[in-house]
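Biologist: I'd like to learn how to read a structure like this one. Let's take it feature by feature.

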Amino acid sequence: MNKFKILIADDEELILWSMEKKLSKKGFDVVVATNGREAVEKYSAGHIDLVLMDYMMPVMNGLDALNEIRKKDKSAMVIIITAVNDAEAAVKAMKCGALDYIIKTQNPEQLLTSVDNALETIISRQQTQANGAVSGCNNADIVYASEKMKNLISIVSKVVVSDTATLLLQGESGTGKNLISRAIHNGSSRSNRLFVEVDCSSLSSHLLESELFGHEKGSFTDAKLQKQGLCEIAEGGTIFLDEIGEMDINIQAKLLKFIEEKKFRRVGGTKDIHVDVRIIAATNKDLATAVKRNEFRSDLYYRLNVIAIRIPPLRDRKDDIMPLAMHFLNIYSRKSGKSITSIPYDVEKALFEHDWPGNIRELKNVIERGVLLSSGQSLDKDALFYESELTNHVDEKKDLAPMFMESGISLEKVESNIIEQALHRSEGNQSQAARLLNIGRDCLRRKMKKYGLFDRIDNDDALLIFSAACEKGT
């Protein structure tokens, strides 16, 4: 399997050497350039998957080099790296088509995270091109097969038509709220402008206000320069307020005013700044309950709740487990330079039976660990279970077993009722029911035909549990 090829362009030898060493150690094929012109030439000379470009370089700067590369290849993946925390430069880079913008002084892991995100996007594009069509996956990497997610995506497709309405995404941590928000942005008329994500749980009240609305020089002790806020930077685009349930109640009042009036003042400022942005908020909290407890403003809740989208947890859409697992398998197999292409039945069964309290994020981590520890062409069960909370959940399936009656009972009746229970639990999905019963789908269909269950699976009232049958003495 071919390695990913990454081009690093930077005029500082020490930084160039450090990044080359770090990425080579991760298994990437690395090419280097010391100025923008050389970067353009090397990109044109051979297949490059990803470019890491310094902003300030001799001969040709990173922004000009980005423009030249994008002229040759509109799908080019370029991350701009700079030593200067300049909001205006970031906006210019993103408008020119940069995938991301990273400050050199930030945590070094941020670079690897940004590279990983870029490579996942590349793999998704390649899979889509190989399939010849988008099947259960869109440009935000939303992979699904379940009816619940099909219905949700149908709602999303209607929401993107209106690019002004405020949205509230609700769901447990790890269900993919950020991907849904990006899908909404990408499908709207704002897709050619910035998508700005803000984690409301990671900043104090004071810092969050400054991050959102900016500040004037001298407005507080460390305010040595004027700073644009993210609301200002996102002009014409979308702001995604993640974990808004954690936002301090004092900032909530200012956010409400901004949503209603589309204007704000920087911290320490006296001038109103008007912007056109769409607000998408997300939370894993029950905001209605938080309102009753006076932990969240009711007026802000109702203002955010214009269009509410609830994303179901993975345990309630188990048809998505295997498509997601295969998606992550392809990603991490490619990243690690391995050729793992299949998931054995016993591993598939374990994945299907797990409740996934961490949702898609947990599944992603489990598959990544499994790929790293596996050898051969199949995902190894021992690798998957290594130091994992994943279990076969044998005990949890005890409720499928009927209580035996002293007077005896028909074996066929037992089998028929257990099949009904499996179909009821899987909401009529025959593939899921077959997995629960540890039989093949064709075998299940033969038994359904034998017991006349095809006419009954759509009627919840007809799916009787075995205990009810026992009470009737049948």
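Biologist: Which residue follows α18, and is its phi positive or negative?

Modeller: Helices here are DSSP runs of H or I with at least four residues, strands are E runs of at least two, and both are numbered from the N terminus. Right after α18 comes Asn438, with a positive phi near 60°. Before we go on, some ground rules. This is a predicted model, in which local features need pLDDT of at least 70 and side-chain atom pairs count only at pLDDT 80 or more, while totals for chains, interfaces and linings use all residues. Residues are numbered from 1 along each chain as its sequence is written, and side-chain values use heavy atoms, with hydrogens and water left out.

Biologist: How many residues of helix α18 are buried?

Modeller: A residue is buried under 20% relative accessible area, exposed over 50% and partly exposed in between, using a 1.4 Å probe and protein chains only. Helix α18 (residues 430-437) has six of its eight residues buried, so the rest of the structure largely encloses it. Those six are Gln430, Gln432, Ala433, Ala434, Arg435 and Leu436. For what covers them, think contacts, meaning heavy atoms within 4.5 Å. The cover includes α13 (321-335), α14 (345-353), α17 (411-425) and α19 (441-450). Across the protein chain, 46% of the 474 residues count as buried.

Biologist: What does Asp319 touch?

Modeller: Leaving out residues up to four places away in sequence, Asp319 touches Ala145, Ser146, Asn429 and Gln432. That last one, Gln432, is among the buried residues of α18. Asp319 itself lies in the loop between β14 and α13. Its C-alpha is 8.4 Å from that of Glu147, though the two are 172 residues apart along the chain. As for the chain as a whole, take its contacts with a separation of 6 or more: 68% of them are between residues 24 or more positions apart.

Biologist: On to sheets. In what order do the strands of the sheet with β1 run?

Modeller: Strands of a sheet pair through backbone hydrogen bonds, either parallel or antiparallel. Two strands count as paired if DSSP finds at least two bridges between them. In this open sheet of five strands, the order is β2-β1-β3-β4-β5 and the pairing is parallel. Strands β2 and β5 (100-103) are the edges, each with a single partner strand, so each has one side without a neighbour in the sheet. Zoom in on β1 (residues 5-9) and β2 (residues 29-33): five bridges join them. Leu7 has Val31 as its bridge partner, and Ala9 faces Ala33.

Biologist: Which helix connects β1 and β2 in a β-α-β unit, and is the unit right-handed or left-handed?

Modeller: Point the strands away from you: a crossover is right-handed if the path from the first strand over the helix to the second runs clockwise. Here, helix α1 (residues 13-25) sits between β1 and β2 in a right-handed unit.

Biologist: What about the sheet with β7? Which strands stand at its edges?

Modeller: This open sheet has five strands in the order β7-β10-β13-β6-β14, with parallel pairing. At the edges stand β7 (195-199) and β14 (307-310), each with a single partner strand, so one side of each lacks a neighbour in the sheet. For angles, axes are lines fitted to C-alpha atoms, for helices over the stretch in contact, and values run from 0 to 180 degrees between N-to-C directions. Neighbouring strands in this sheet are turned by 20° on average, ignoring direction. Helix α7 (residues 177-187) lies across β6 (167-170), β7, β10, β13 and β14, at about 150° to β6. Inside the sheet, β10 (residues 238-242) and β13 (residues 278-283) are joined by four bridges, with Thr238 opposite Arg278.

Biologist: How many aromatic pairs are found in the whole structure?

Modeller: Rings of Phe, Tyr and Trp (its six-membered ring) pair if their centres lie within 6.5 Å; planes under 30 degrees apart are stacked, over 60 edge-to-face, and the rest tilted. The search finds five pairs. Phe195 and Phe240 have ring centres 6.1 Å apart and planes at 25°, so they're stacked. Phe195 lies in β7 and Phe240 in β10, so the pair ties together parts 45 residues apart in sequence. Both count as buried, Phe195 at 13% relative accessibility and Phe240 at 0%. Elsewhere, ring pairs link Phe213, Phe258 and Phe264 into a cluster.

Biologist: And which charged residue sits over the ring of Phe4?

Modeller: The test is NZ of Lys or CZ of Arg within 6 Å of the ring centre and within 35 degrees of the ring normal. Over Phe4 it's Arg334, 4.1 Å from the centre. Lys318 lies over the face of Phe352, at 5.4 Å.
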